Amino acid sequence: MERIKSAAIILAAGKGSRMETDIPKQFIVIHNKPVLYYALKAFEESNIDEIILVTSEETKKYCSDNIVKKYGLKKVSCIVEGGSERFHSVLNGLKAIDQSDYVLIHDGARPLIDIEMINEVIEYVQNSGGCIVATPVKETIKKIDNNHYIEETPKRSSLWAAQTPQAFRYDELLEAYINMSKDKEFGSMEITDDASVYEKYIRKPVKIIEGSYGNIKITTPEDLIFAEKVIELLKKI
Ligand code: CTP
Ligand code: MG
């Protein structure tokens, strides 16, 4: 029997507008290394076979010289350019994969992902259509209208916060993204994760794997303090 192959797409083409720093958040240095390094390193040491790094045109060379080559990340097979929205970046990453049975998508702005969780996702996706890492929400979530009045309070016990990695059969996720890009409503869609594309265009079940509250997405300045401390405590430096 042929070996099962799995590839990872690491997204690092965002501008990080909510962080309000001069450089995109994935390149901010924590303990002497850029945020993006930590996720790449975890995937390098996991059971994944290949890593596709998606970044902007301006930062391609920096990523290649100062992260991939500098830290000897051998699984990074190519660095491709992203697009203006996250889903454009994912699509470019998917197109860059030559052949793979499964694909994991991960935000380059989530440096605290651990190797065991990546391996669990790789195992899990082989027995499910798709699976994503998520945690039960801690806060009560309100659905609001344009004027900031509450419209609805969904039951908290049924709400989970989606993280990455998110994993799918490669051919199915590619099909989902291509179908989405041809959709008439494509321009007005607000897409912030991959499972939502798979849910809409493939319509197969997606399983939740309970993750860790520590696997934060660096988004606003206080997240950096948390990440810095965790990296220090886990001796990832
Ligand atoms: N991302 C990407 N291409 C984009 C937008 C986002 O590759 N066009 C990546 C980011 O680099 C990040 C991940 O997707 O690793 C999650 O996105 P988000 O946290 O929204 O990052 P940004 O879009 O960079 O931040 P902001 O929304 O605050 O501008
Ligand atoms: Mg964004």
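In this predicted model, the shell around ligand 1 is made up of four nonpolar, eight polar and seven charged residues. Gly16, Ser17, Lys25, Ser89 and Lys217 come nearest among the 19 residues around the ligand. Two elements of secondary structure, strand 1 (6-12) and helix 3 (86-95), each contribute at least two residues to this shell.

Polar contacts of ligand 1 involve both side-chain and backbone atoms of the protein, including those listed below.

| Residue | Protein atom | Atom of ligand 1 | Distance |
|---|---|---|---|
| Ser17 | side-chain N or O | oxygen | 2.5 Å |
| Gly83 | polar backbone atom | nitrogen | 2.8 Å |
| Glu85 | backbone N or O | nitrogen | 3.3 Å |

Taken alone, ligand 1 would expose 560 Å², and 88% of that area is buried by the protein.

The chain that surrounds the ligand contains seven helices and eleven strands. Its C-alpha atoms occupy a box of roughly 50 × 45 × 30 Å along the principal axes. The radius of gyration of the chain is 18 Å, which agrees with a compact globule, because a globule of 237 residues would have a value near 18 Å.

Burial and contacts describe the interior of the chain. Of its 237 residues, 48% count as buried. Among contacts with a separation of 6 or more, 74% are accounted for by residues 24 or more positions apart. At the surface, the chain exposes about 12900 Å², of which carbon and sulfur atoms supply 49%.

Note on methods:
Residues numbered from 1 in each chain as written. Chains lettered and ligands numbered in written order. Predicted model: local features only at pLDDT ≥ 70, side-chain atom pairs only at ≥ 80, totals over all residues. Heavy atoms only, no water. Near = heavy atom within 4 Å. Polar contact = N/O pair within 3.5 Å; in protein donor to acceptor, adjacent residues only side chain to side chain. Areas by Shrake-Rupley, 256 points an atom, 1.4 Å probe, with all protein chains shown as cover. Helix = DSSP H or I, 4+ residues; strand = E, 2+ residues; numbered from the N terminus. Nonpolar A, V, L, I, M, F, W, Y, C, P; charged D, E, K, R; others polar. Rg over C-alpha atoms; globule rule 2.2 N^0.38 Å. Buried < 20%, exposed > 50% of the residue type's maximum accessible area, 1.4 Å probe, protein only. Contact = heavy atoms within 4.5 Å.
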